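Here are my notes on how the two domains sit against each other. Have the model open while you read.

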Amino acid sequence: MQYVFPTYNRFPLDIVAGEDWHLTDDNNKTYLDFTSGIGVCNFGYSNELIQKSVAQQLTKIWHTSNLYESHLQDEVAHQLVGTEDRLVFFCNSGTEANEAALKLARKFTGKSAVLSFNNSFHGRTYGSMSLTGNPAIQTGFAPLVPGISFADYNDPAAIEQIKPDLAAVILEVIQGEGGVYAAKAQWLKAVAKACHEQQVLLIIDEVQTGIGRTGKRFAYQYYELDPDIVTVAKGLGNGLPIGAMIGKSNLAVAFGPGSHGTTFGGNKIALAAATAVLQQLTPEFLAGVQTKATQVWQTLQNEILTLPVVTSVTGLGLMIGIHLDETVAVADVIEELQQNGLLTLSAKHNTLRLLPPLVMDSTDLMFGLQKIKQVLSSKTQK
Ligand SMILES: *Cc1c(COP(=O)(O)O)cnc(C)c1O
């Protein structure tokens with residue numbers, strides 16, 4: 001690519017078509033997809049209801065400004081909050097959802113300090129980048145947004161850092177980019193309890209873990225948490241750009257007219273996709289994801305974790321991290337799998353990350369895992 005800033009390390013292939021959970025590149029090579037476009041296309045690449053919903057909206061109207069009412073926004077917001085006493089702000093990406101959360105938390109509490117965690121990822125714009133506990137992402141961009149401190153994830157000592165001077169604590173229930181590390185349930189509960197006691201808002205970033213990825217609508221629902229703010233994006237539009245910040249209704253006093261906004265927030269094409277995504281994210285669908293995940297985790301435990309190069313397998317549902325020892329480079333594994341027709345991802349700490357579309361059938365889930373087993377086994381014999 002000649003005319004685009006080289007901000008990404010790209011593989012020399014261009015994906016030009018997709019059907020269900022299979023992709024085709026510009027050389028007509030086909031792949032089984034274990035990436036979902038980085039946790040985005042959870043319903044695959046040819047979901048009929050989403051296609052229909054978007055196609056219908058395309059013939060009606062694409063964009064209206066936020067100067068006017070939008071029943072579609074209210075409908076999708078209702079789908080997102082269900083019966084809970086929460087409100088939604090629509091934006092276009094995960095980083096924007098976290099920006100909205102940071103702004104709302106500061107304005108509502110009148111405080112500025114925020115606690116985040118090492119090894120986290122919250123996005124690339126200034127606020128979200130400043131919340132991201134990864135120096136590699138921040139290098140060269142100083143000065144960052146002030147007032148943000150970091151604690152170690154899953155560290156009991158972090159609880160003592162939750163003091164009344166904080167506006168908010170932000171965390172991922174499973175650190176995605178950081179290496180697919182899940183929070184310990186007891187630790188999460190202690191964080192939530194401390195936030196509640198110290199009147200600090202709890203922001204949960206569900207940009208990667210949300211929309212069914214872990215087998216529940218939001219991963220925090222496994223831990224009986226009641227976050228003040230939840231952010232989502234990636235899977236919400238199944239590939240159309242949309243993000244949302246979901247907050248408790250009492251926060252509305254700080255987000256009145258003129259306080260925050262974005263031109264494309266609540267775009268009707270993106271919402272047409274989101275409404276079809278949420279319609280299909282039923283308890284039955286989620287139960288199906290959990291059933292498939294159980295089978296996947298059995299294979300991971302019995303056939304992948306036992307391989308000499310694998311140090312651990314982490315994650316939840318269909319969000320999986322296979323941690324490799326220092327004798328293999330995850331980049332080499334990804335490339336070899338790609339040649340074998342399987343697309344996979346990496347995460348920090350030499351982690352092979354798998355985010356297959358949630359609609360993938362068991363046969364292809366198992367088929368992909370066998371390919372991974374083959375490639376990782378061959379690495380062992382060196
Ligand atoms: C991807 C991601 C983001 C950033 O989302 P963008 O849409 O790329 O801005 C934020 N938080 C988490 C947990 C993510 O995985």
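How many Å apart do the C-alpha centres of domain 1 and domain 2 lie?

1. The C-alpha centres of domain 1 and domain 2 are 26 Å apart. Domain 1 covers 15-46 + 283-377, and domain 2 covers 49-280; such bounds come from an automatic or database domain assignment.

2. A caveat on the input: this is a predicted model, where local features need pLDDT of at least 70, side-chain atom pairs count only at pLDDT 80 or more, and totals for chains, interfaces and linings use all residues. Numbering runs from 1 along each chain as its sequence is written, and side-chain values use heavy atoms, with hydrogens and water left out.

3. Now the interface. About 2400 Å² is buried between domain 1 and domain 2, with carbon and sulfur atoms giving 57% of that (accessible area, 1.4 Å probe, that two parts lose on being put together, summed over both). On the domain 1 side, Phe 43, Leu 316 and Met 319 lose the most area to domain 2, together 28% of what that side buries.

4. As for charges, the count between the domains is 1 salt bridge (side-chain nitrogen of Lys or Arg within 4 Å of a carboxyl oxygen of Asp or Glu). Arg 353 and Glu 177 pair up in a salt bridge at 3.0 Å, N to O.

5. Polar contacts are worth a look too: 18 residue pairs, both at pLDDT 80 or more, make one across the interface of domain 1 and domain 2. The rule wants a pair of N or O atoms within 3.5 Å; within protein, one must be able to donate a hydrogen and the other to accept it, and residues adjacent in sequence count only if both atoms are side-chain atoms.
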